[in-house]
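Visitor: I am new to reading structures. Could you walk me through one?

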Amino acid sequence: MSENYRNFKENGKKIIAVCRNYKGLVAAQGIQNPEKPILFMKPTSAYISEGQDIKIPLGCKLLYHEVELGVVISKRCSNISPSDASDYIGGFLLALDMTAKDFHIEAKEKSRPWFLCKGFDTSCPASGFIDKEKLSNYSDTRLWLKVDGVTKQNCSTSDMIFSVPEIISYVSKYFTLEVGDVILTGTPAGSGPVHAGQTIECGLADIAAMKFAVVELN
Ligand SMILES: O=C(O)/C=C/C(=O)CC(=O)C(=O)O
Ligand SMILES: [Mg+2]
C-alpha cells in the first residue's frame, strides 16, 4: 500500500485549519461556541521543519503563536460521516499556526480574507509524521507551548468543541480531501505574541516536541 501521506509536507495539497475550536479559548474571548467549524486555508509553502526559522512577515508588528494538533489524511475522500472518519486518518502532526495578528485584526475589521495573516511563508512550522498508533488517545492528549521557557499554552485536546472525526466529516462535505492533506484542529487558550530573538518550544504529550527560533525577515 502506498503511504505517500507520511511525507505530507511534500505530497499534501492543502492545509485546512479550524479556528475557535477550544472551549477555553472561546470562553476567554467572551464569545459563543461556533455552531459549525470555522475554516480557513494555508498554502503548503507555509510549512517549515525544525532547523528552519519562523520569519516575521514583511510589515508585521505583532506575531502570535498557536500550537495545534494536525491530522494527516491517508486516502482521497469526500462527504464522509464522523463514524467513518478514522478510516481516513493516516496519522498526526504537531503544528504551529503562526498568525500575523495585526494583519488579522485589520482583515477582520475590514471584512477581508485571512490568507495573508495566516498563510505567509514559515507560518506553519510542523513536526514530522506521527503514526496514528502512537496517538490512539488523540481526543485527550496534552498540547503545550513555551516561549523562552515560559509556559503559555497547556491544554488537553479534550477541550475541543468539534472532535477530530466531526471536523474531518464537516470539511469533507465541502472539499475533496486528498492524500497528505492536513487539517489543523485549532489552538487552545493562551495564544500570544512572540518577538524576534525568542524561541518557541511546543509538544504533544511525550510523543512529539519541537523548537523554533523567531527571526526578523532579511
Ligand atoms: O479572532 C478570531 O476569530 C480567530 C483567531 C484565530 O487565529 C483562531 C485560530 O486560528 C484558532 O483558534 O486556532
Ligand atoms: Mg489556529
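Guide: We will look at a metal site, then at rings. This is a predicted model, where local features need pLDDT of at least 70, side-chain atom pairs count only at pLDDT 80 or more, and totals for chains, interfaces and linings use all residues. Residues are numbered from 1 along each chain as its sequence is written, chains are lettered from A and ligands numbered from 1 in the order in which they are written, and side-chain values use heavy atoms, with hydrogens and water left out.

Visitor: Which residues are the protein donors of the magnesium ion (ligand 2)?

Guide: Donors are N, O and S atoms within 2.8 Å of the metal (3.2 Å for Na, K and Ca); water is not among the atoms, so sites may look incomplete. Here they are Glu 66 (OE), Glu 68 (OE) and Asp 97 (OD), 2.0 to 2.1 Å from the ion. Their spacing along the chain is E-x1-E-x28-D.

Visitor: Is Asp 97 buried or exposed?

Guide: Buried means under 20% relative accessible area, exposed over 50%, and partly exposed in between (1.4 Å probe, protein chains only). Asp 97 is buried, at 1%. Glu 66 is buried too, at 8%.

Visitor: How many aromatic pairs are there?

Guide: Rings of Phe, Tyr and Trp (its six-membered ring) pair if their centres lie within 6.5 Å; planes under 30 degrees apart are stacked, over 60 edge-to-face, the rest tilted. This structure holds 5 pairs. In one of them, Phe 8 and Tyr 47 have centres 5.7 Å apart and planes at 70°, so the pair is edge-to-face. Phe 8 is buried at 2% relative accessibility, and Tyr 47 is buried at 10%.
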